[in-house]
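Let's take a walk through this structure together, beginning with the whole chain and then stopping at a few individual residues. Please keep the viewer open as you read.

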Amino acid sequence: MQGDASAVVDRGQYPEATTPWEQDDWREAALGWAESALAAHGLHETGRRRVRLRPWSVLVRMPVEGHGAVWFKANPPASAFEAGLTEALARWVPEHVLKPLAVDAGRGWSLLPDGGPLFRDVLDRGSAGPRAWEEMLRQYADMQRALGPYVKTFDVLGVPDARLAVLPEVFDKIVDENTTLGLTDRRALRELRPRLVGWCEELESVGLADSLDHSDLHDGQLFAPEPGRFTFFDWGDAAVSHPFCSLLVPARTARGRYGPQVLPRLRDAYLEPWTRTGVTAAELRRAVSLAWRLGAIGRACSWGRLFPETSGGVSAGGGEQSAWWLRELFTDPPL
């Protein structure tokens with residue numbers, strides 16, 4: 001096994017986070033598994049590994065001769081489903097996702113090929129603008145529609161359930177377990193619950209089937225290998241939910257780059273594939289407005305779920321982020 005002493009380790013903003021990387025036995029098993037998978041594909045490492053440690057994953061970049069690099073990823077128990085989900089998505093919607101080189105679903109490990117330039121990097125270079133976001137959202141919506149028949153299989157894979165029928169209960173659990181919420185916020189959120197139930201019921205009445213919600217689809221979570229083509233990855237925050245909840249994060253990200261004037265075009269581009277369902281344009285736009293609010297619950301849930309717990313509940317970092325998203329429920333949707 002190649003030694004890991006020379007690896008470059010990046011802990012980002014979480015220098016105190018405990019990850020399995022610190023365990024010699026785990027590190028030896030994980031890297032040995034990755035090396036065996038590389039060998040099975042006839043691939044050979046050529047340079048120094050780079051390790052990215054976060055509370056929600058261990059990511060190792062492994063330079064490979066003739067292929068740039070491959071990526072080993074290990075998920076914590078709360079998102080261990082990502083490995084099996086990634087493998088399944090490569091079968092169901094191969095044109096939209098990466099095909100893993102190897103997966104150990106039981107341990108939450110995956111080995112992934114390089115996907116090309118990140119969409120964020122393409123945008124930063126000025127090689128794409130708002131129109132690229134529109135095409136990306138059309139393709140993402142097409143993928144969600146194609147995944148509709150597999151919703152029951154998502155449950156088998158362990159993907160978290162955030163369907164409209166259970167979302168109020170999910171909301172209750174997040175609020176109850178978040179120890180960083182103050183009394184005023186907690187009281188206001190509990191008073192909001194009847195309205196939240198009404199939003200869920202109204203959105204359910206539109207009649208669109210549940211699908212996969214990436215839940216964190218910002219510009220660093222997809223590749224843009226060539227103009228007009230996008231590859232979606234990093235499914236550790238995903239949930240089974242109303243598909244329109246996915247629009248919240250990319251729309252907010254694009255608004256941060258270009259201003260609020262881009263939102264109507266992005267909304268309409270995302271909705272275009274859904275016009276073939278027989279739902280009217282007015283109903284679709286109302287549904288997006290409702291899902292904008294409800295998508296905040298998914299974000300709050302993933303922050304609380306993916307950070308390690310302490311004796312007092314969700315860790316402070318995860319709890320604060322989760323609370324921030326819960327407060328967004330009081331903000332009127334901009335669409």
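What follows moves from the overall fold to a helix residue, a loop residue and the cysteines.

Keep in mind that this is a predicted model. The chain contains 11 helices and 12 strands. Its radius of gyration is 20 Å, close to the 20 Å given by the globule rule for 335 residues, so the chain is as compact as a globular protein of that length. If you turn the C-alpha trace along its principal axes, you will find that it spans about 55 × 50 × 40 Å.

How is the chain packed inside? Of the 335 residues, 53% are buried. Among contacts with a separation of 6 or more, 72% are between residues 24 or more positions apart. On the outside, the chain exposes about 14900 Å², and carbon and sulfur atoms supply 50% of that area. As for charge, there are 38 positive and 45 negative side chains, with the centres of the two sets lying 4 Å apart.

Now zoom in on Thr-86, which you will find in helix H2, spanning residues 81–92. Is Thr-86 buried or exposed? Its relative accessible area is 9%, and because the cut-off for buried is under 20%, Thr-86 counts as buried. Setting aside neighbours within four places in sequence, the residues in contact with Thr-86 are Leu-98, Pro-100, Leu-112 and Trp-235.

A loop residue makes a good next stop. Pro-55 sits in the loop between strand S2 (50–54) and strand S3 (57–64). Although Pro-55 lies in a loop, this residue is buried, with a relative accessible area of 12%. To get a feel for distances here, pick Pro-55 and Lys-173: they are 118 residues apart in sequence, and their C-alpha atoms are 21 Å apart in space.

Finally, let's look at the cysteines. A disulfide is a covalent bond between the sulfur atoms of two cysteines. How many disulfides does a search of the whole structure find? The search finds 0. Take Cys-200 as an example: the closest cysteine sulfur belongs to Cys-245 and is 8.4 Å away, which is too far for a bond, because a disulfide needs the two sulfur atoms within 2.5 Å. Cys-301 is in no disulfide either, and the nearest cysteine sulfur, that of Cys-245, is 12 Å away. The surroundings of these residues are worth a look too: Cys-200 is buried at 4% relative accessibility, whereas Cys-301 is partly exposed at 25%.

Conventions:
Residues are numbered from 1 along each chain as its sequence is written. This is a predicted model: local features need pLDDT of at least 70, side-chain atom pairs count only at pLDDT 80 or more; totals for chains, interfaces and linings use all residues. Side-chain values use heavy atoms; hydrogens and water are left out. Helices (H or I, at least four residues) and strands (E, at least two) are DSSP runs, numbered from the N terminus. The radius of gyration is taken over C-alpha atoms; the globule rule is 2.2 Å times the number of residues to the power 0.38. Buried means under 20% relative accessible area, exposed over 50%, partly exposed in between (1.4 Å probe, protein chains only). Contact means heavy atoms within 4.5 Å. Accessible areas come from the Shrake-Rupley method with a 1.4 Å probe; for residues, only the protein chains shown count as cover. Lys and Arg count as positive and Asp and Glu as negative; His and the chain ends are not counted. The place of a charge is taken as NZ of Lys, CZ of Arg, CG of Asp or CD of Glu.
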